[in-house]
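User: Could you take a close look at the sheet and the helices packed around it? I'd love a connected walk-through.

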Amino acid sequence: MTALRAALEALPKVELHCHIEGTMRPQTVIDLAGANGIPLPTADPTELYSYDSLDSFLDVFWLVQSTLTTRADWTRLAYEAVVDSAAHGVVHSECFFTPARHLAAGTSLKEILAGLDEGITAAQAETGTTCLLIGDMDRAFGPAAGLAFVEDLVRLRREGAAGAERVIGVGMDSTELGIDSTTFLPGYQAAHAGGLKLTGHQGENSTATDVGACLTVLGLDRIDHAFPVLADRDLTARLAGERFPITICPTSNVVIARCFDRLEDHVYPLMRQAGLLATVNTDDPALSDLNLAHEYDAVARAFGYQWADMVAIALDGVEACWLDDPDKTPLRNQIARAASQLTMSPQRPLDDGSR
Ligand code: ADE
Ligand code: ZN
């Protein structure tokens, strides 16, 4: 491991765009598929993780999701997700879960939440990190299913169901093809009325106009991907002025949505130069052989960032997260402390010759 990578592993980081199903370890896919009688096209899950577009990736994602059957499966998934991210310096995460196909098949949201919460609670105790959840509407299932999911979620929170209070927001993911995301407004309205924060995926297969429409119509508090926004100067300037949080997943945009040929071609540096609050995240780390320290390392190298840039990106993660302000302070202090300790080693900068 290079000195840079070691420092980025140790740097406390916040993850704001990670699908919990996309963290499933290959061995867990095999175990759950076996236990639940889900046929896999190959016994080698690394062969499973092969795709060449967002929609072909989603076929794999949906297969992985389909292995989650019992409450204990969700517990195992969540426990491993938090333990694995903490091993690479993640101190706080806000993870998506997208239960549309489970709900359509008759699984109760209450069971899923209780399962996720049990796993996260155990992993938090073990690692000293925190993990909150964002319930995503799956665009492939349509706005009515999205609304029904959100209404159920809000009701479970009101009733104090186990794990429901861990869900702090609602989002939207999955395919963008042929879908007008603004039709999901009723779900967003129900979420807002229920006291939940709002985010949504837009821009992997769509334009600045679509990103702008989501922001205008849906009342989002944060947006996922959204890099096409740079094509709209006025919108970019407005979002930069507001420090509106954007979650960017640079490697995912190369290997999953195929929006850029190489990481070096990603517009992330232009977003930062424009003053946007653009955070760095993994998206589906296990399915793209990634973790957040690896992603910071890749970003630093691709864009020639210095140590101070990487610390600033970590701090942007705190600014963009949905913790209350008083709860952000200890995270900022943790990052500042680690950052100064790490820079104290002689000539920490990126060109340390040990790559
Ligand atoms: N679900 C999991 N990963 C996703 C992505 N990158 N885009 C849309 N939906 C997803
Ligand atoms: Zn995503």
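Analyst: Happy to; here is the sheet, followed by its helices. This is a predicted model, where local features need pLDDT of at least 70, side-chain atom pairs count only at pLDDT 80 or more, and totals for chains, interfaces and linings use all residues. Residues are numbered from 1 along each chain as its sequence is written, chains are lettered from A and ligands numbered from 1 in written order, and side-chain values use heavy atoms, leaving out hydrogens and water.

The open sheet has 5 strands in the order S1-S2-S3-S4-S5, with parallel pairing (two strands pair if DSSP finds at least two bridges between them; helices, H or I, of at least four residues and strands, E, of at least two are DSSP runs numbered from the N terminus). S1 (13-15) and S5 (197-198) each have a single partner strand, so one side of each lacks a neighbour in the sheet. Further in, S3 (residues 130-138) and S4 (residues 167-173) run parallel, joined by 6 bridges. Gly135 stands opposite Val170 in S4.

Now the helices. H7 lies across S2 (90-97), S3 and S4, at about 155 degrees to S3 (contact means heavy atoms within 4.5 Å; axes are lines fitted to C-alpha atoms, for helices over the stretch in contact, with angles from 0 to 180 degrees between N-to-C directions). H14 (residues 292-303) lies across S1 and S2, running at about 105 degrees to S1.

H7 (residues 109-127) also meets H8 (residues 142-158): their axes come within 10 Å and cross at roughly 60 degrees. The contact is made by Leu109, Lys110 and Leu113 of H7 with Phe149, Asp152, Leu153 and Leu156 of H8.
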